[in-house]
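Good morning, and thank you for coming. I should like to take you through one protein model, first residue by residue and then as a whole.

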Amino acid sequence: MQVVNCLKGIENSITSFYYGKTQLEIGLGAINKYPEIVKKEKPKVMGLVTGKSSYKLNGAWDVVKKALDDEGIKLVHYDKITTNPLSSTIDECTKLFLDNKVDYVTAIGGGSPIDAAKLVTILMKYPGKIAYDVLHLTFETKEAVPLITINTTAGTGTEVNRFFVVTIDNKGPVLKPVVGSIAAYPTYSIDDPNLLMSSPPKMTIYTAVDSLNHVFEAATTKIRNPFSLILGKEVVEMVAHFLPIANKDPKNGEARYYLHYASALAGCAFDSALLHLTHSLEHPMAAKIWNLPHGQGLGILQPSVIKVVYPVLPKICALILGPIIPDLKGDPSEATMVAEKYEEWLAENGLPEKMGDVGFKEEDIDELVKNARETPVISNVLLPVSPVEATDELLKGIYLESMKPLRKK
Ligand SMILES: [Fe+2]
């Protein structure tokens with residue numbers, strides 16, 4: 001933890017981080033940058049995208065409302081975004097914002113409201129198109145209405161990258177693609193660790209596991225690079241150290257700060273090197289069990305994914321996973337042991353579930369693989385960059401192994 005030791009107390013400063021087209025403000029109290037941003041940007045009508053209620057519980061709403069009132073900015077609020085946001089709600093929100101001449105958008109929440117807002121801001125520039133068109137890549141998206149994201153979870157990394165995940169629910173099969181567009185980088189993002197402190201305990205582990213999968217996958221795709229490996233090593237080190245602290249002491253500012261930073265860095269890692277098996281196989285699970293938390297699904301699958309990736313990239317896997325499982329040699333023979341120890345570590349930190357525990361049966365596996373094959377981007381972008389050829393047999397094998405804990409087989 002050399003970086004942490006060199007920067008003791010940094011969580012109390014608000015620093016700017018520039019990535020893609022995004023200016024990220026990060027630090028305890030960073031929410032107070034919001035009034036400065038709207039004062040500078042001078043929107044006339046602000047569209048606000050949130051879920052039903054959590055945006056009020058964490059304190060962000062009070063700051064946003066006051067800033068908009070102080071500047072005389074009209075507010076148009078859409079609050080129907082759910083976990084795994086739906087294309088039908090995106091279309092409804094886009095219409096509301098266009099009808100009310102919204103010229104700037106703010107999203108408060110975790111990955112769901114932020115990803116929804118990214119797609120809404122793009123669609124607002126392409127009247128006549130619907131979410132389905134963007135999610136099926138029927139045309140190229142280059143523009144979006146400017147967006148401020150106030151990120152209240154530490155896992156998706158969406159506040160700094162060009163990706164968004166929306167479930168298609170209103171035309172054809174239910175699919176959950178992940179789409180990247182140069183237009184989707186937020187204009188400003190705010191990562192204030194104070195906003196994480198009221199999140200449910202399970203959310204801390206689920207979101208941390210999302211960060212871990214972003215970097216493990218980005219470090220091991222066929223298009224991996226020094227950037228994705230370096231970020232991977234740093235992110236796993238931060239999460240391995242600070243997740244147990246945040247679990248025990250949810251109001252620990254330093255732990256929350258580094259989990260936020262780890263999430264943002266992980267978002268940059270997969271912006272550069274993409275993702276592969278864990279995300280490709282979690283999305284069909286969420287398409288079937290709609291309210292399955294993303295990080296829980298990833299945690300269920302990741303041990304089995306490690307087991308198949310480790311033998312082909314043992315040195316990289318040992319480097320990335322070293323902070324969680326020390327003293328690895330980077331030898332292919334370690335694969336099963338590493339997968340089992342990783343699964344134990346997840347259970348110790350609050351994620352013991354497997355597919356059988358959340359409602360899946362072996363009979364579902366063929367349907368899940370079929371869904372992955374039908375889902376845009378997963379089928380033609382992510383699965384092809386898997387370091388192990390993503391045959392149907394491989395995908396079915398990962399699902400099958402993930403039904404129960406590895407060590408009980
Ligand atoms: Fe993710």
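Let me begin with a question: in which helix is the place of Val235? Val235 belongs to helix 9, residues 226-248. Before going further, I should state the conventions. This is a predicted model, in which local features need pLDDT of at least 70 and side-chain atom pairs count only at pLDDT 80 or more, while totals for chains, interfaces and linings use all residues. Residues are numbered from 1 along each chain as its sequence is written, and side-chain values use heavy atoms, with hydrogens and water left out. Helices (H or I, at least four residues) and strands (E, at least two) are DSSP runs, numbered from the N terminus.

Returning to helix 9, Val235 has a relative accessible area of 0% and is therefore buried. Here buried means under 20% relative accessible area, exposed means over 50%, and partly exposed lies in between, with a 1.4 Å probe and protein chains only. Beyond its neighbours within four places in sequence, Val235 is in contact with Ser211, Val215, Ala262, Leu265 and Ala266, where contact means heavy atoms within 4.5 Å. The C-alpha atoms of Val235 and Ala262 are 4.9 Å apart, although 27 residues separate them in sequence.

Ala269 is placed in helix 10, residues 253-273. Its relative accessibility is 0%, so Ala269 counts as buried. Setting aside residues up to four places away in sequence, Ala269 touches Val215, Ala218, Ser228, Leu231 and Leu274. For the pair Ala269 and Val215, 54 residues apart along the chain, the C-alpha separation is 6.2 Å. Val215 thus appears among the contacts of Val235 and among those of Ala269.

Thr207 sits in helix 8, residues 201-218. Is Thr207 buried or exposed? Thr207 is buried, because its relative accessible area is 11%. With residues up to four places away excluded, Thr207 touches Thr153, Ala154 and Gly155.

I turn now to two strands. Leu48 lies in strand 3, residues 45-49, and is buried at 0% relative accessibility. Its contacts, again leaving aside neighbours within four places, are Trp61, Leu75, Val76, His77, Tyr78, Phe97, Thr106 and Ile108. By C-alpha atoms, Leu48 and Leu265 are 26 Å apart, with their positions 217 residues apart along the chain.

Val165 is found in strand 7, residues 163-165. Beyond four places in sequence, Val165 is in contact with Pro85, Asp115, Lys176, Pro177, Val178 and His283. The C-alpha atoms of Val165 and Ala184 are separated by 11 Å, at 19 residues along the chain.

Two loop residues deserve a remark on backbone geometry. Most residues other than glycine have a negative phi. Leu137, however, has a positive phi, near 55 degrees; Leu137 is in the loop between helix 7 (131-135) and strand 6 (147-151). With a relative accessible area of 43%, Leu137 is partly exposed. Asp327 also has a positive phi, near 65 degrees, and lies in the loop between helix 13 (314-321) and helix 14 (335-348). What is the relative accessible area of Asp327? The value is 75%, so Asp327 is exposed.

Next, the annotation. An unreviewed UniProt entry lists residues 24-193 as "domain: Alcohol dehydrogenase iron-type/glycerol dehydrogenase GldA". That span is 32% helix and 20% strand, and its end C-alpha atoms lie 13 Å apart. The unreviewed UniProt record also lists residues 204-375 as "domain: Fe-containing alcohol dehydrogenase-like C-terminal". This span is 69% helix and 0% strand, with end C-alpha atoms 28 Å apart. UniProt positions are given in the numbering used here, feature names are shortened, and annotations may be inferred rather than shown by experiment.

Finally, the whole protein. There are 17 helices and nine strands. The C-alpha trace spans about 65 × 50 × 35 Å along its principal axes. Why does the radius of gyration agree with a compact globule? For 409 residues such a globule would have a value near 22 Å, and the protein has 20 Å, which agrees; the radius is taken over C-alpha atoms, and the rule is 2.2 Å times the number of residues to the power 0.38. Buried residues make up 62% of the 409 residues. Of the contacts with a separation of 6 or more, 78% are between residues 24 or more positions apart.
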